[in-house]
Amino acid sequence: MCGIAGILDRFARWPAGAKAEVVREMCRRMRHRGPDAEGHWTSPEGRLTLGHLRLSIIDLDARSHQPMHDPAGRYVVAYNGELYNYLELRAELEAEGVVFHTTSDTEVLLQAWARWGHACFERFDGMFALAMYDRESGELVLARDRTGEKPLYVARSGDVIAFCSELKPLLALPGLSRDVSDDALADYFSLRYVHAPRTIFSGITQLQPGTWQHFAADGRFSERSYFAFDLAGPGEPFNEARYLEGLHAELKQAVRTRMLADVPVGAFLSSGVDSSLVCSIAAKDLGSDIRSFGAGFAGSDEDNETDTAREIARHLGLPFEQYIVSEEDLLGAASAFGARLDEPNGDRSCVPTYFLSGLVRRHVTVAISGDGGDELFGGYTRYLGRYAWDRRVGEELQCARSYFQGGLPMFSWPSLAHAFPDFAQRFDARIGSRFVGAFARKELDAVETLRLVDFHSYLPGSVLAKVDRMAMRHSLEVRTPFFSPGMLELSAFLPRPLATGGGLQKLALRKVLARYLPDHLVRPAKQGFGMPASFFRTQAAAFSRLAERADEALAAWAPLEERGEAFAVLRQAARDNMNSYWAWIALGQWVESIDGVTAAAAGL
């Protein structure tokens with residue numbers, strides 16, 4: 001797990017030293033992503049400068065520092081992430097005569113590229129964002145993993161391309177515009193995040209999951225998707241026992257590979273099915289006594305998960321420690337949360353994830369989690385709502401609107417239409433048009449449609465962005481077994497009765513979990529990991545103080561200030577529900593944090 005940064009200057013018009021200075025500044029601003037080592041490299045002709053920050057997980061030796069070159073000296077890579085099947089790939093490459101000089105997954109990735117080119121991405125089981133440079137041809141390739149666990153941002157200005165693992169460090173690039181587009185604002189206020197490939201800044205994009213970009217030496221640019229998650233729809237009559245056995249076996253393999261590390265490994269554990277299943281496999285099948293960790297909230301007994309999580313840990317024989325988020329946390333570290341967000345993210349679960357990650361990092365360097373189980377196996381209560389009836393209308397765009405408006409409640413659409421007179425048209429063009437095809441597929445039922453939509457929107461945009469930013473703020477690597485290629489394939493063929501059968505979400509996962517835990521720990525309804533309603537009630541005064549501070553920051557923020565009445569409308573609408581309330585506070589904090597970010601090397 002690391003951070004990468006770089007600048008490609010096609011005609012080498014910038015002095016190499018100037019580019020190196022900016023890349024070093026970009027690395028400085030995300031030092032938390034890789035505190036163990038820092039490396040830099042500039043190509044001899046001065047076109048490319050790479051920076052790399054390392055959090056050492058596999059092969060702690062300095063030989064595995066980056067940027068790393070292949071033995072022939074043709075390719076150089078800066079890479080953030082982990083390849084969980086690197087041992088299998090290494091064995092295959094060794095059989096073809098490749099000689100390795102380290103035991104790292106980075107060298108395997110480099111040699112896989114040298115042998116297979118772009119086709120290697122389809123063979124990787126892992127999370128990654130990378131920059132691969134061909135010194136012979138002058139070509140640069142940027143790539144991102146299937147589900148978007150690892151981020152990669154790109155800024156293009158003429159013949160200069162800059163890229164980075166985080167958004168804010170790119171502001172070190174001289175002359176980069178900080179303009180905020182109306183589409184980005186509309187995204188945030190309706191979704192709580194900005195939908196890829198956009199970012200909050202119109203001059204910066206983010207590489208989409210499962211995609212690579214190719215920058216040729218002559219200026220040609222191409223972008224291609226190497227993975228597109230889809231659902232198979234109804235097939236032949238299924239054999240439940242056979243499906244569950246395959247699911248169980250694949251998940252055990254995924255947990256096993258994600259526990260490979262040369263540093264201590266722990267686990268996130270809530271009362272939910274997904275993390276409970278991951279911990280159960282680690283403890284019972286792999287014989288691990290890894291430490292488990294959970295989070296709760298002071299004064300929130302009725303929807304606090306920690307008692308159940310502690311019972312699960314006790315049943316599995318795992319050590320368990322919990323972090324209880326308090327008023328002091330809310331008015332302390334959480335009062336400046338925007339500085340830690342990197343990009344705006346209004347997900348309420350950012351707060352417990354941040355504090356939990358800090359606790360976990362005091363004990364281990366890697367944690368396994370259950371993220372992704374809800375989207376892949378039908379875990380959200382909203383999947384059982386009225387959206388199944390909306391599909392019968394036959395108006396696919398209206399179905400998309402209905403889901404994003406009601407299934408993921410944020411600011412009300414009337415308030416958004418008041419603040420952005422063309423909001424509905426912008427939504428239809430940006431979001432509705434992208435997912436209208438899913439709602440039009442009659443072979444998919446409502447639950448399947450919403451799983452597919454969430455996988456391509458809410459999962460990478462909100463959930464995975466939250467986990468990466470909050471954990472990496474503490475230099476903690478989080479690994480997710482549910483994203484192995486095998487698990488993705490099993491999800492694509494999930495039989496309908498095993499999604500939300502019997503009124504329970506994630507029935508397939510519950511049936512596997514029942515092999516480890518008693519029924520009363522398997523059947524409880526899903527509880528979200530975000531700050532619960534009771535915490536908002538008991539800490540109402542603290543939240544009010546945070547909201548007032550956000551009001552001040554956003555009132556002076558040009559994108560809202562210049563809209564006049566829009567600010568007042570959105571400020572009032574922010575108090576409508578927990579989601580919009582926290583999203584407003586988080587955005588205000590983020591705006592405050594941007595004021596302190598200054599460009600480096602301004603004289604270039």
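These legends walk you through four close-up views of a predicted model.

**View 1. Strand E2 shows one buried face and one that is not buried.** Follow residues 37-42 and you will see the side chains take turns. Ala37, Gly39 and Trp41 point to one face and are buried, while Glu38, His40 and Thr42 point to the other face and are not. In a regular strand, side chains alternate between the two faces of the sheet.

**View 2. Strands E2 and E3 form a hairpin.** E3 covers residues 48-54 and pairs with E2 in the antiparallel sense, over 6 bridges. Look for Gly39, whose bridge partner in E3 is His52. Between the two strands lie 5 residues, and in this hairpin Gly46 takes a positive phi near 85 degrees.

**View 3. Glu25 meets Arg29, and Arg31 meets Glu38, in salt bridges.** The Glu25 and Arg29 side chains come together at 2.8 Å, N to O. Glu25 is buried, with a relative accessible area of 15%, and Arg29 is buried too, at 18%. For Arg31 and Glu38 the N to O distance is 2.0 Å. Here Arg31 is partly exposed at 36% relative accessible area, and Glu38, back on strand E2, is partly exposed at 34%.

**View 4. Lys511 and Glu240 meet in a salt bridge.** Their side chains are 3.3 Å apart, N to O. Because Lys511 lies in helix H20 (residues 507-513) and Glu240 in helix H6 (residues 240-258), the pair ties together parts that are 271 residues apart in sequence. Lys511 is partly exposed, at 32% relative accessibility, and Glu240 is partly exposed at 33%.

Key: Residues are numbered from 1 along each chain as its sequence is written. This is a predicted model: local features need pLDDT of at least 70, side-chain atom pairs count only at pLDDT 80 or more; totals for chains, interfaces and linings use all residues. Side-chain values use heavy atoms; hydrogens and water are left out. Buried means under 20% relative accessible area, exposed over 50%, partly exposed in between (1.4 Å probe, protein chains only). Helices (H or I, at least four residues) and strands (E, at least two) are DSSP runs, numbered from the N terminus. Two strands pair if DSSP finds at least two bridges between them. A salt bridge is a side-chain nitrogen of Lys or Arg within 4 Å of a carboxyl oxygen of Asp or Glu.
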